[in-house]
Amino acid sequence: MQTDATTTCRDLYALTTWYEQPFGRIIKKQIAEKLTGILRTVPARELLHLGIGGFEETLAGRHRERVLFFTDIAYEHLLAEDENTLPLKSESQDCVVVLHGLDVAINPHGVLREVNRIMAKDGHLIIIGFNALSFWGGYRPLRNLWRWRKSLPWRLNFYTPGRLRDWLALLGYDVGLSQTFNYLPVIQNTNFQKRMQVLNSAGSLLLPWCGNLYVVVARKSTIPLTPVRLQWKQRRPVITSGVAEPV
C-alpha cells in the first residue's frame, strides 16, 4: 500500500520528467523567464526552493550567497498529510519559491503554514502552479472520466490565483503580483506548438486570468506590536493682543 509521501514523491519525479518532454520544455522556458524577471526585483541574497527539480540554474542566479533546494525526496514529507517541519529555523528565510509544490501537496494549507514559520519578516514568497480557471482546468474534469485520468498534469491539484490570494491574506501576506500565463493546448508536437504561439499573445490580452499556469508573489507584512504612546503636550495659553492675563 502506497503512503501519501510515496505518492507525493512519485508525482514530483513524474512532473520533473514531464518538463523534459518537448511540450514541457516550452512551458519550462516560460517559467524560467518569469522567475528570472521576478527574482531581479526581490532583494534577497538567499533563496529556498520547495518543489520540482530542473530549475536549479535559474534559481541560483549569479548574486545568490546561498540557495537551498528541497526537491523530490527531500520535500516529500512536508507535502504529505502529516505536517512535518522543515529542518530550518523560524524566520530564517527571506525568499521562498514554491514551484508546483502546492499542486502535488496532500495538505497545501500545512505547506503554507510551514513556509510562513520559516519566512523572515518582509520576506518574499513566490508560488507557481496550475490554474483551475483555464483551458487545462476546464478540460481536467472531462479528462478524468477517461482512461488518461492518471496522467499529468490532470491528476494534480489545480488552484485559482484568487484562492491563493485568500490563503495568503489569512497568513498576513501582501500580494504584489498575481497573473497567469501560457494558453497552449497539451500537444506533444513541436511544429504545432510553434504555430500556436500566437495563442499566448492573444490570451494574455483577451483572457488575462485564464492562463494554464499562475504566478503569485507576496511579501510577509510586519505589524508593529509595541503600542505607540501619545505625546501629550501642555496647552499653551492663548494671548490676545492688548489683553492682560489674569494673575
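**Notebook: A132, the cores and the confidence**

I looked up A132 first and found it partly exposed, with a relative accessible area of 29%. That value falls between the limits of under 20% for buried and over 50% for exposed, so A132 belongs to neither of those classes. The model I am reading is predicted.

I then asked where A132 sits. It lies in the loop between β4 and α7 (135-143). Leaving aside neighbours within four places in sequence, I listed the contacts of A132 as G137, G138, F158, Y159 and T160. I also checked A132 against N212, which is 80 residues away along the chain. The C-alpha atoms of A132 and N212 are separated by 7.7 Å.

**Whole chain**

I noted 10 helices and 6 strands in the protein chain. Of its 247 residues, 44% count as buried. Among contacts with a separation of 6 or more, 75% are between residues 24 or more positions apart. The chain exposes about 14,500 Å², and carbon and sulfur atoms supply 55% of that area.

**Cores**

Which residues touch the most other members of the largest nonpolar core? I found W18, Y19, I31, I126, F130, W136 and L213, out of 34 residues in that core. Two or more residues each come from α1 (4-18), α2 (22-41), β3 (93-99), β4 (119-130) and β6 (213-220). Helix α2 gives the largest share, 7 residues.

I followed I126 further. Beyond its neighbours within four places in sequence, I126 is in contact with L35, I38 and L39, with C95, V96, V97 and V98, and with V215, V216 and V217.

I also recorded a second, separate core of 24 residues; F70, L88, A105 and L164 are among them. As background, nonpolar side chains in soluble globular proteins tend to be buried together.

**Helix α6**

Why is α6 (residues 108-118) described as largely enclosed by the rest of the structure? I counted 8 of its 11 residues as buried, and that is the reason. The buried residues are P108, G110, V111, L112, E114, V115, N116 and I118.

**Confidence**

I checked the pLDDT last. The chain mean is 79, and 69% of the residues reach 70 or more. Among the elements, helix α4 (residues 73-79) has the lowest mean, 57, and β6 has the highest, 97. Over residues 224-230 the pLDDT is below 50, and I found 0 contacts for this stretch beyond near neighbours in sequence. Where pLDDT is low, the predicted coordinates should not be read in detail.

Terms used: Residues numbered from 1 in each chain as written. Heavy atoms only, no water. Core = buried A, V, L, I, M, F, W, Y, C linked by side-chain atoms within 4.5 Å. Buried < 20%, exposed > 50% of the residue type's maximum accessible area, 1.4 Å probe, protein only. Helix = DSSP H or I, 4+ residues; strand = E, 2+ residues; numbered from the N terminus. Contact = heavy atoms within 4.5 Å. pLDDT = per-residue confidence, 0-100. Areas by Shrake-Rupley, 256 points an atom, 1.4 Å probe, with all protein chains shown as cover.
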